[in-house]
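Reader: I'd like a close look at one part of this model, and then a walk outward from there into the surroundings. Could you take me through it in one go, informally?

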Amino acid sequence: MKVKKFVAPTLKEASTLMKKELGSEAFILSTRVINKRTDLGIQKHFEITSGIEEDIDIISAETNAGNTIIGSSFSDELMKLQQKVIGKERVNKNYDENESIIIAPKTKKRETISSEKLKEYVDRLIHHEVSKPIIKTIVNQIKKSKEFINPSNIEDYIITSLSSLIPTTSFEIKKRGKQKIVAIVGPTGVGKTTCIAKLAAISKILNNLKIGIISIDTYRLGAIDQLRIFSEVSNIDMLVAYEAKEMPGLIKKFSDKDLIFIDTAGRGQKNRKELEKTKEFLDVVQTDKTYLAISATNSTKNLEDVVKKFELLDYSALILTKIDEGVVFGNILNVVVNSGKPLIYLTNGQVIPDDIIAADSDFIAKMVVTGETSS
Ligand SMILES: Nc1nc2c(ncn2[C@@H]2O[C@H](COP(=O)(O)OP(=O)(O)O)[C@@H](O)[C@H]2O)c(=O)[nH]1
Ligand SMILES: [Mg+2]
């Protein structure tokens, strides 16, 4: 991979320089604000570290595409996996490099999964805090398909099975299409504002959209300042609503924007009055999408309470924050399977805008089984 740094007074200019030199395939590895000495004195500049693959590996790209699972059912996926395994076995049967003369069909004992090995995986899922009903479903599937499962494919089988239980979704917006309003709600300190900053910067730099941010977080000391600094350095317009009745006027001020984000105050899900207050603000503007941010570091019980109480705000998808701080991820699987709400983004650090990724069921299933968050 070729890596190069670009420095400019605004993020947009730095990204334009990057695209001009490296082309549209280039991607941002990291961004930071630096102080640069210019004729006008020391000035804030943006530095983008970008990368571009020098040689695209077609074989691995095709293999990955073949493994992608989009919108099919749990049993469909298991069937597909079984067929894949059967296919592999056929190939193995026809080819034995140690055998030069075939006298009679060799009866080789098929290697299957021992109960000790299966228990090892069950213990691993328990360690990763996957709920008992989900483990039971997986074990039953393994038992039903045991003639196709062997020690070398069991982990992939479990990951594929879990992946088919995890719904994901995505957000699409076209430039010069209908304006969209997206609100992010959730408990205090979960990473709502940071996530909005990431999404706003990416939508502006990479998709060239006109972005506005409305903050209704006038509750926490310093919350507005946090967003104001971001809006200044990234040159994204930001307005503040102190009362619900101000919201329509602010949306009108942003009538030229393609996409408006609403940053809400952190609400303790136990306090229904606080949630109702946020609802008042969101109801007057009719958001297109409301996403609930939940932290990967919370327990299943806490997360279940959050997803239930925030239903009052009619959210359509979940943003999973702080996966970089998570150790086990069974909690996420349990909550997503129970709530039926799809995941849309995962955040994996504090760096704006880099540390956010689109939710992918295979990636999340792998996180659950291995505890690893690198792809
Ligand atoms: N490690 C880590 N920290 C994060 C992540 N997202 C946000 N944070 C940090 O969590 C803290 C609270 O974030 P903030 O966006 O203000 O939360 P809010 O109260 O929900 O708006 C800040 O210190 C953020 O930098 C993440 O994905 N990983
Ligand atoms: Mg905030």
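Author: Let's start with helix α7, residues 192–205. α7 has 14 residues, and from its first C-alpha to its last it reaches 20 Å, close to the 20 Å you'd expect at 1.5 Å a residue. Bear in mind that this is a predicted model, so the values here are computed from predicted coordinates. As for its surroundings, 13 of the 14 residues of α7 are buried, so the helix is largely enclosed by the rest of the structure. A buried residue here has 20 or more other C-beta atoms within 10 Å of its own. To set that beside the chain as a whole, buried residues make up 34% of the 375 residues. When you look at the side chains along a helix like this, remember that an α-helix has 3.6 residues a turn, so residues three or four places apart point the same way.

α7 is also where the ligand comes in. Of the shell around ligand 1, α7 gives the most, with 3 residues. That shell has 18 residues, and the ones that come nearest are G191, K192, T193, T194 and T347. By character, the shell divides into 12 polar residues, 5 charged ones and 1 nonpolar one.

Now follow the chain out of the helix. In the loop between α7 and β5 (211–215) you'll find N208. N208 isn't a glycine, yet it has a positive phi of about 60 degrees. With 12 C-beta neighbours inside 10 Å, N208 counts as exposed, because the cut-off for exposed is 12 or fewer.

Past that loop comes a neat little unit: β5, helix α8 (residues 223–234) and β6 make a right-handed β-α-β arrangement. β5 pairs with strand β6 (residues 237–240) in the parallel sense, over 4 bridges. If you want a spot to click on, G212 has D237 in β6 as its bridge partner.

Further along is helix α10, residues 272–285, which holds E276. E276 is partly exposed, with 13 other C-beta atoms within 10 Å. Try putting a distance between E276 and F310: they are 34 residues apart in sequence, but 9.9 Å apart in space, C-alpha to C-alpha. Contacts across long stretches of sequence are well represented in this chain: residues 24 or more positions apart account for 76% of the contacts with a separation of 6 or more.

The loop between α10 and β8 contains Q286, which is another non-glycine with a positive phi, this time of about 50 degrees. Q286 has 9 C-beta neighbours inside 10 Å and counts as exposed.

That brings us to β9, residues 317–321, where 4 of the 5 residues are buried, so the strand is largely enclosed by the rest of the structure. On one hand, β9 pairs with strand β8 (residues 289–295) in the parallel sense over 5 bridges, and S295 stands opposite T321 in β9. The chain gets from β8 to β9 through helix α11 (residues 300–309), in a right-handed β-α-β crossover. On the other, β9 pairs with strand β10 (residues 343–347), again in the parallel sense, over 3 bridges. There, L318 has L343 in β10 as its bridge partner. The link from β9 to β10 runs through helix α12 (residues 330–339), and this β-α-β crossover is right-handed too.

β10 takes us back to the ligand, since its residues 343–347 take in T347, one of the residues that come nearest to ligand 1. Just beyond, P353 sits in the loop between β10 and β11 (356–358), and the peptide bond leading into it from I352 is cis, with omega near 0 degrees.

Towards the end of the walk, helix α13 (residues 361–370) is the place of F363. F363 is buried, with 21 other C-beta atoms within 10 Å. Its C-alpha is separated by 8.7 Å from that of S374, 11 residues apart along the chain. If you zoom out after all that, the protein chain has 13 helices and 11 strands.

Notes: Residues numbered from 1 in each chain as written. Chains lettered and ligands numbered in written order. Predicted model: local features only at pLDDT ≥ 70, side-chain atom pairs only at ≥ 80, totals over all residues. Near = placed C-beta within 6 Å. Helix = DSSP H or I, 4+ residues; strand = E, 2+ residues; numbered from the N terminus. Nonpolar A, V, L, I, M, F, W, Y, C, P; charged D, E, K, R; others polar. Contact = placed C-beta atoms within 7 Å. Pairing = 2+ DSSP bridges. Right-handed = clockwise from strand over helix to strand, strands pointing away. Expected span 1.5 Å × (residues − 1).
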